[in-house]
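Colleague: Before I use this model, I would like to know what stands behind the terms used for it.

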Amino acid sequence: MNETISDGSSADETPEREGVRIVDSADVAPTAVIGEGSAIWHLAQVREDARLGRDCIVGRGAYIGSGVEMGDGCKVQNYALVYEPARLAAGVFVGPAVVFTNDHFPRAVNGDLSPKSAHDWEPVGVTCEQGASIGARAVCIAPVTIGAWAMVAAGATVTRDVPPHALVAGVPARRIAWVGRAGRPLEPASDGTDAWVCPETGEWYVEDRMTGGLALAQDAAAQRQYADAPLAAAGETQDPGQPQQDDTTDGATA
Ligand SMILES: CC(C)(COP(=O)(O)OP(=O)(O)OC[C@H]1O[C@@H](n2cnc3c(N)ncnc32)[C@H](O)[C@@H]1OP(=O)(O)O)[C@@H](O)C(=O)NCCC(=O)NCCS
């Protein structure tokens with residue numbers, strides 16, 4: 001995209017936003033920084049000092065709180081509520097009507113029924129590491145971290161950190177599988193190791209003791225041999241060798 005459209009603020013306040021698409025009904029604070037190639041759709045609100053990377057999409061009616069940080073290529077779907085101080089690394093998908101909370105013990109008023117001000121509570125945020133996906137209408141209760149390439153099922157309520165590549169579902173969310181970077185559930189490797197294999201890409205994943213999740217195997221030879229095999233037969237007929245468990249990381253932390 002290569003057009004600059006007014007964000008509805010007065011001409012004096014509105015910064016030039018080269019290569020950004022902001023539709024007229026969107027409400028984007030003048031101090032929000034929006035990366036080139038990004039699009040902000042109808043009735044979405046992006047608050048003061050939010051920082052969005054390149055090629056981000058903020059869908060209809062979505063809310064991006066003050067100072068929220070989003071890396072390149074994030075997609076926030078319609079009516080999702082990303083309350084500050086959420087932090088999204090690159091490539092994070094936030095499904096429709098998702099809620100990232102920011103107040104663990106919310107109250108509208110103090111004990112004497114006087115209104116709570118911004119100083120009367122401590123905001124806590126949701127952190128999403130790169131490539132993570134949050135399914136439709138999921139609720140993530142801050143403070144919580146969704147690990148790299150993890151996936152939260154539609155309708156889940158996340159109350160604990162989610163390790164990289166975990167697929168969690170339910171209320172409260174529990175791990176039901178592992179997923180690869182393509183988003184597909186992984187299958188156990190057929191070589192007798194603890195490795196996992198993506199049925200779509202053939203990528204191998206191994207346990208990452210640092211995070212409690214999985215990480216992409218770095219054993220290039222194993223990857224190459226597996227990738228060369230026809231996918232339908234891969235894992236059944238090929239012996240890709242032993243991934244090097246002590247030397248593996250996908251470098252996927254935020
Ligand atoms: C979680 C998800 C990825 C699982 O997909 P899948 O691997 O094809 O899983 P299946 O449909 O085979 O279900 C596997 C099990 O998980 C359960 N399950 C699936 N989705 C679930 C969900 N959202 N919440 C709770 N349980 C779920 C199934 O009931 C099934 O349980 P069972 O083995 O006891 O019968 C998928 O259901 C999902 O929620 N995707 C997110 C969709 C979304 O929100 N997209 C956003 C853009 S519209």
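Colleague: How many residues surround the ligand, and which are the closest?

Modeller: This is a predicted model. In it 13 residues surround the ligand, and G95, G135, A136, A153 and A154 are the closest. A residue is included because its C-beta atom, placed from the backbone, lies within 6 Å of the ligand.

Colleague: What classes of residue make up the shell around the ligand?

Modeller: Nine are nonpolar, four are polar and none is charged. Gly counts as polar and Ala as nonpolar, so G95 and G135 go to the polar class, A136, A153 and A154 to the nonpolar one.

Colleague: How do you know that β19 and β21 pair, and in which sense?

Modeller: Strand β19, residues 151–152, and strand β21, residues 166–169, share two bridges in the parallel sense. Pairing needs at least two bridges, so the two strands pair. Opposite M151 stands L167 in β21.

Colleague: What makes β21 and β22 a pair, and what lies between them?

Modeller: Four bridges join β21 to strand β22, residues 174–178, in the antiparallel sense. The minimum is two, so they pair. A169 has R174 in β22 as its bridge partner. The hairpin has four residues between the strands, and G170 takes a positive phi near 95° there.

Colleague: What share of the protein is called buried, and why?

Modeller: The share is 44% of the 254 residues. They are called buried because each has 20 or more other C-beta atoms within 10 Å of its own.

Colleague: What does the secondary structure of the protein come to?

Modeller: One helix and 26 strands.

Methods. Residues numbered from 1 in each chain as written. Predicted model: local features only at pLDDT ≥ 70, side-chain atom pairs only at ≥ 80, totals over all residues. Buried ≥ 20, exposed ≤ 12 C-beta atoms within 10 Å, placed from the backbone.
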